[in-house]
Amino acid sequence: MILEVCANSLESALNAEKAGATRMELCMELGVGGVTPSYGLVKAVLKAVNIPVHVLVRPRSGDFTYSDSEFEVMKQDIALCVELGCAGVVSGVLHKNFTLDKERTQLLIDEAKNLQFTFHRAFDWLKNPEEVFLTLQSMGVNYVLSSGQKASALLGISLLSKLNKKSSTCVVMPGGGLRADNVINFKKEGFKALHMSGAAFNKTLDGDVPLSMNSSSFLVENQVPISSVANIQQVVALLNKS
């Protein structure tokens with residue numbers, strides 16, 4: 001069975017390999033579901049570990065519907081993964097109505113060339129998951145990462161099991177809330193791959209921070225914060241006013 005560990009740093013990547021993980025999904029910012037790791041982190045991890053590295057290609061948090069410029073960045077990130085010698089990429093695109101953007105997802109698969117392709121948890125927002133799973137399988141997707149459209153994979157194990165029975169060339173990979181106290185449930189169901197972070201928090205500072213740098217106002221999953229021309233022009237005009 002494949003155990004993929006979601007690693008968010010070089011230290012996490014080293015720990016994943018040390019602990020016996022089969023491979024890793026490299027990303028950053030687990031708190032928002034993960035975003036694309038930096039070029040420097042990808043290079044450092046590839047140099048430091050021997051297990052396969054699959055890189056998350058998600059340019060921002062929020063939804064999975066991307067502008068043309070965002071999509072071009074995603075294609076460039078995948079091209080870098082190919083160039084650097086990664087084992088796989090993790091990505092996917094939806095339409096605004098929660099259906100699969102087949103055309104753009106296929107373009108990402110093609111950009112990945114011989115790298116393995118995992119369709120990530122955007123799958124858990126899809127309207128027709130069983131139908132779309134078969135579509136992704138026919139498109140050449142190697143893995144689908146999903147919590148079974150529930151808050152955790154354990155709660156979504158019914159759908160995951162249905163998908164697993166439809167699997168031929170595409171592996172269903174449960175992910176979301178997997179731990180030592182529930183992983184045996186997925187082994188019994190016959191899944192071939194599992195995904196977990198295995199994260200534990202390490203205290204880095206003495207005492208509480210004097211001021212939080214987190215802002216919940218920027219974490220709205222059906223909206224994307226973008227620098228506004230009008231807002232900036234208003235301030236520039238005020239600053240330039242004599």
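A pocket, in this document, is an open set of grid points where a 1.4 Å probe fits, with protein on both sides within 12 Å along at least five of seven lines. The structure you see is a predicted model. Let's work through it together.

**Exercise 1. The second largest pocket**

Find which residues line the second largest pocket, and sort them by class.

*Solution.*
- Step 1: Start with the space itself, which is about 270 Å³ for the second largest pocket.
- Step 2: Now list the lining: Phe201, Asn202, Lys203, Thr204, Leu205, Gly207, Val209 and Asn214.
- Step 3: Sorting these residues gives three nonpolar, four polar and one charged. Gly counts as polar here.

**Exercise 2. The overall build**

How many helices and strands does the chain have, and how does its radius of gyration fit the globule rule?

*Solution.*
- Step 1: Count the elements: there are eight helices and eight strands.
- Step 2: Compare the radii. The chain has a radius of gyration of 19 Å, close to the 18 Å given by the globule rule for 242 residues, so the chain is as compact as a globular protein of that length.
- Step 3: Add the extent of the C-alpha trace, about 75 × 45 × 35 Å along the principal axes.
- Step 4: Finish with burial: 40% of the 242 residues are buried.

**Exercise 3. The sheet**

Work out the strand order of the open sheet, and explain why S7 and S8 each have one side without a neighbour.

*Solution.*
- Step 1: Recall that strands of a sheet pair through backbone hydrogen bonds.
- Step 2: Read off the order, S7-S6-S5-S4-S3-S2-S1-S8, with parallel pairing.
- Step 3: Look at the ends. Strands S7 (171-174) and S8 (193-196) are at the edges with a single partner strand each, so one side of each has no neighbour in the sheet.
- Step 4: Check the twist: on average, neighbouring strands are turned by 25° against each other, direction ignored.
- Step 5: Zoom in on one pair. S1 (residues 2-7) and S8 are joined in parallel by four bridges, and Val5 stands opposite Met196 in S8.
- Step 6: Move to S3 (residues 53-56), which runs parallel to S4 with three bridges between them; here Leu56 faces Val90 in S4.

**Exercise 4. Buried or exposed?**

Decide whether the residues of S4 and Leu211 are buried or exposed.

*Solution.*
- Step 1: In a regular strand, side chains alternate between the two faces of the sheet.
- Step 2: In S4 (residues 88-91), Gly88 and Val90 lie on one side and Val89 and Ser91 on the other, and all are buried.
- Step 3: Leu211 sits in the loop between S8 and helix H8 (229-240). Its relative accessible area is 60%, and exposed means over 50%, so Leu211 is exposed.

Key:
Residues are numbered from 1 along each chain as its sequence is written. This is a predicted model: local features need pLDDT of at least 70, side-chain atom pairs count only at pLDDT 80 or more; totals for chains, interfaces and linings use all residues. Side-chain values use heavy atoms; hydrogens and water are left out. On a 1 Å grid over the protein atoms alone, a cavity is a set of points where a 1.4 Å probe fits but cannot get out, and a pocket is an open set with protein on both sides within 12 Å along at least five of seven lines; lining residues have an atom within 4 Å of a point. Grid points are joined across faces, edges and corners, and a volume is the space filled by probe spheres set on the points. Two strands pair if DSSP finds at least two bridges between them. Helices (H or I, at least four residues) and strands (E, at least two) are DSSP runs, numbered from the N terminus. Axes are lines fitted to C-alpha atoms, for helices over the stretch in contact, and angles run from 0 to 180 degrees between N-to-C directions. The radius of gyration is taken over C-alpha atoms; the globule rule is 2.2 Å times the number of residues to the power 0.38. Buried means under 20% relative accessible area, exposed over 50%, partly exposed in between (1.4 Å probe, protein chains only).
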